[in-house]
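Hi,

Here is the structure I promised to pass on. Have a look at it first, and then read my notes below.

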Amino acid sequence: MPQVLVPLARVDRWVANFERRHGDTGLTVADGALVGGAEDGSTFRIRLPFGRPYDGPAQADALLAEAREPATWGVLLVRKGGFAVARVADGRVVESKVGRRHVQGRSKAGGQSQQRFARRRENQARDAFGAAADHAARILGTGVELLVTGGDRQAVAAVLRDARLRDLPDPLEDFHAVPDPRRDVLDAVVADARSVRIDVLDTTH
């Protein structure tokens, strides 16, 4: 089922537009989400940001009232060639770091040359992950209520194995599969994490 991310300020308009396109829409609450079903068979399921379940009234405005942002949360994006870390407090990014480390691509050479290349590449990746862990330990530290991650799953897992990060909360289930982390990518992930997730089944297409 296709999923869209919608900023909180646009959710009411999104629901109204859905009803305009698909006809009268009834709302229910099921499995921690606000569920809409239209007369043409189209449906949607709205989930709160940060993986929080919703069990309030079957109304869009009631759901929005529950969409509270954590006081302090963190973002960790990692790929082999770079990383981005941010601490978000009181609704704004208060500290961040974006970095790049050179990790060579794959070699077509064979034999001992290939083995030397693989060892060098592994060492470069280890250095890159170490740099990401250094900044994550400094910026995120302790007291982060939740952690948003993205980039490459194996790379993120490698960074989080650092002993200095063992007190961080488990990453949220929603993983942001972004390209090499840059400042604009980091800002986009922060915005996406604050948005509601809407799974949509459009029977008219």
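**What I found**

Let's start at strand S1, which is joined antiparallel to strand S10 (residues 196-201) by four bridges. One pair to look for is glutamine 3, which sits opposite aspartate 199 in S10. Before you go further, keep in mind that this is a predicted model.

**The first sheet**

Those two strands belong to an open sheet of five, ordered S1-S10-S4-S3-S2, with antiparallel pairing. S1 (3-6) and S2 (25-30) are at the edges with a single partner strand each, so one side of each has no neighbour in the sheet. From one strand to the next, the twist averages 25°.

Now add helix H1 (residues 11-22). H1 lies across S1, S2, S3 (33-38), S4 (43-47) and S10, and it runs at about 170° to S4. Its length checks out: 12 residues at 1.5 Å a residue should span 16 Å, and the end C-alpha atoms of H1 are indeed 16 Å apart.

Which residues of H1 are buried? They are Val11, Trp14, Val15, Phe18 and His22. These residues cover an arc of only 95° around the axis, which means they are on the same side of H1. As background, an α-helix has 3.6 residues a turn, so residues three or four places apart point the same way. The buried residues of H1 pack against S1, S2, S3, S4, S10 and helix H2 (60-65). Over on the other side of H1, Arg13 and Arg20 are exposed. Just after the helix comes glycine 23, with a positive phi of about 95°.

**The second sheet**

There is another open sheet of five strands, in the order S7-S6-S5-S8-S9, and here the pairing is mixed. S7 and S9 (171-176) are the edge strands, each pairing on one side only. Ignoring direction, neighbouring strands in this sheet are turned by 15° against each other on average.

Two helices go with this sheet. H4 (residues 153-160) packs on it and touches S5, S8 (147-151) and S9, with its direction at about 120° to that of S5. H5 (residues 183-194) lies across S5, S6, S7, S8 and S9, and runs at about 135° to S5.

**Strand S6 and its neighbours**

I'd spend some time on S6 (residues 82-89). Are its residues mostly buried or exposed? Eight of its eight residues are buried, and both faces of S6 are covered. On one side you'll find Gly82, Ala84, Ala86 and Val88, and on the other Phe83, Val85, Arg87 and Ala89. Note that Arg87 is among those buried residues; in the sheet, arginine 87 stands opposite glutamate 95 in S7.

S6 is joined to S5 (residues 72-79) by eight bridges, and the two run antiparallel. A hairpin with two residues links S5 to S6, and arginine 79 is opposite glycine 82 in S6.

Eight bridges also connect S6 to S7 (residues 92-100), again antiparallel. Here alanine 89 has arginine 92 in S7 as its bridge partner. S6 and S7 form a hairpin too, with two residues between them, and aspartate 90 in that turn has a positive phi of about 55°.

That's it from me. Have fun with the model!

Methods:
Residues numbered from 1 in each chain as written. Predicted model: local features only at pLDDT ≥ 70, side-chain atom pairs only at ≥ 80, totals over all residues. Heavy atoms only, no water. Pairing = 2+ DSSP bridges. Axes fitted to C-alpha atoms, helices over the stretch in contact; angles between N-to-C directions. Contact = heavy atoms within 4.5 Å. Buried < 20%, exposed > 50% of the residue type's maximum accessible area, 1.4 Å probe, protein only. Expected span 1.5 Å × (residues − 1). Arc of directions from axis to C-beta.
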